[in-house]
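Trainee: I have a model open and some residues I would like to place. Can we go through them one by one?

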Amino acid sequence: KKKYFWKSEFYVDTNVLDPRPETEFIVEQLLNQIKDKNKKLKILDIGTGSGCLAISIAKEYCNSKITAIDISSKALKVAKKNISLHNVSKQIELKLTNFDDIQSKFDVIVSNPPYLTLDDYKNSQIEIRKFEPKIALLGGNDGLKFYKLFSKKIHKIMKNNSILILEIGSNQYAPCLSIFKNSKLKLKKVTKDFQNIDRTLTFIKI
C-alpha cells in the first residue's frame with residue numbers, strides 16, 4: 001500500500017501503477033531545465049495515476065499550478081488521497097479526461113505514458129499483471145501509441161518555448177525520434193537511467 005518516490009511516501013493500490021525510480025528522472029530533468037523554483041508555472045501531468053509525479057513537482061515548485069489528468073476514476077481517487085496526505089490541494093487540480101479535451105496552454109507538460117508492447121505485457125512478471133492496471137502499462141501493440149498521439153497534437157496545448165518531458169521504455173529512443181521528427185517540437189535532451197538506458201526525452205516547442 002505504500003511506495004517511496006522522489007522525496008516522499010505515497011499510498012498505492014491495484015488501481016494505479018507503482019511509482020518507479022526511473023520516473024524520478026522526469027522531476028530531475030525539470031529541475032535541470034527550470035532552475036527558478038519560485039517561478040509561477042502552469043503544468044500538465046498526463047496520466048497522473050497515483051499523483052506521485054504531480055505532487056513531487058508541486059513540492060519542488062511551490063508557486064506552480066498543476067492540472068493532473070487521468071482516464072481512470074479509480075486512479076484519481078488514489079491521487080486525491082495522496083494530494084490530501086501531502087497538503088498540495090491548492091496547487092493541484094484533478095480532472096477525469098483525455099488530453100485531447102484539454103483547451104488551455106501550459107509552460108510544462110510531463111507524462112509517463114503506458115509504453116509496454118503487447119509482447120512485453122504478456123511476458124511481464126505475474127505480480128505486475130496481477131496487481132497493476134493494464135491500462136497504465138500497455139501502449140498499444142507496439143508500445144508507441146501515446147507518443148504518436150503526442151507528436152501530432154500536444155503542441156496545441158503548449159506555450160511557445162514550453163517544455164515537454166516524457167518517459168520512454170527501453171529501445172524506444174529511435175522510434176520516438178522518428179515519430180517526433182516532423183512534429184512542432186525540438187528534442188533538447190535525452191537522459192539515461194541508472195542502467196544506462198535512454199529513459200526521458202525533453203522537448204521544447206519551436
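Mentor: Start with Cys 52. At 8% relative accessibility, Cys 52 counts as buried, because buried means under 20% relative accessible area, exposed over 50% and partly exposed in between (1.4 Å probe, protein chains only). This is a predicted model, where local features need pLDDT of at least 70, side-chain atom pairs count only at pLDDT 80 or more, and totals for chains, interfaces and linings use all residues. Residues are numbered from 1 along each chain as its sequence is written, and side-chain values use heavy atoms, with hydrogens and water left out.

Trainee: How many disulfides does a search of the whole structure find?

Mentor: A disulfide is a pair of cysteine sulfur atoms within 2.5 Å. For Cys 52, the nearest cysteine sulfur is that of Cys 62, 20 Å away, and Cys 52 is in no disulfide. Over the whole structure, the search result is zero.

Trainee: Is Cys 176 buried or exposed?

Mentor: Use the cut-off for buried, under 20%. Cys 176 has 0% relative accessibility, so Cys 176 is buried.

Trainee: Which residues of helix 2 are buried?

Mentor: Helices (H or I, at least four residues) and strands (E, at least two) are DSSP runs, numbered from the N terminus. Helix 2 covers residues 52-60 and is mostly covered, with eight of its nine residues buried. Those residues are Cys 52, Leu 53, Ala 54, Ile 55, Ser 56, Ile 57, Ala 58 and Glu 60.

Trainee: Asp 45 is buried. Which side chain of opposite charge is nearest to Asp 45?

Mentor: Asp 45 sits in strand 3, residues 42-46. Lys and Arg count as positive and Asp and Glu as negative; His and the chain ends are not counted. A salt bridge needs a side-chain nitrogen of Lys or Arg within 4 Å of a carboxyl oxygen of Asp or Glu. Asp 45 has none, and 14 Å away is the nearest opposite charge, Lys 95.

Trainee: Which side chain does a polar contact join to that of Asp 45?

Mentor: A polar contact is a pair of N or O atoms within 3.5 Å; within protein, one must be able to donate a hydrogen and the other to accept it, and residues adjacent in sequence count only if both atoms are side-chain atoms. For Asp 45 the distance is 2.7 Å, and the partner is Thr 48.

Trainee: In strand 7, what is the bridge partner of Ser 111?

Mentor: Two strands pair if DSSP finds at least two bridges between them. Strand 6 pairs in the parallel sense with strand 3 over four bridges, and with strand 7 (residues 158-167) over five. On the strand 3 side, Ser 111 stands opposite Ile 46. In strand 7, the partner is Leu 166.

Trainee: Why is strand 6 largely enclosed by the rest of the structure?

Mentor: Strand 6 runs over residues 106-111. It is largely enclosed because the number of its six residues that are buried is five.

Trainee: What is the phi of Asn 171?

Mentor: Most residues other than glycine have a negative phi. Asn 171 lies in the loop between strand 7 and helix 7 (173-179), and is exposed at 74% relative accessible area. Its phi is positive although Asn 171 is not a glycine, at about 70°.

Trainee: With which residues is Ile 206 in contact, leaving aside its neighbours within four places in sequence?

Mentor: Ile 206 lies in the segment after strand 9 (198-205). At 63% relative accessibility, Ile 206 counts as exposed. Contact means heavy atoms within 4.5 Å. The partners are Lys 184, Leu 185 and Lys 186.
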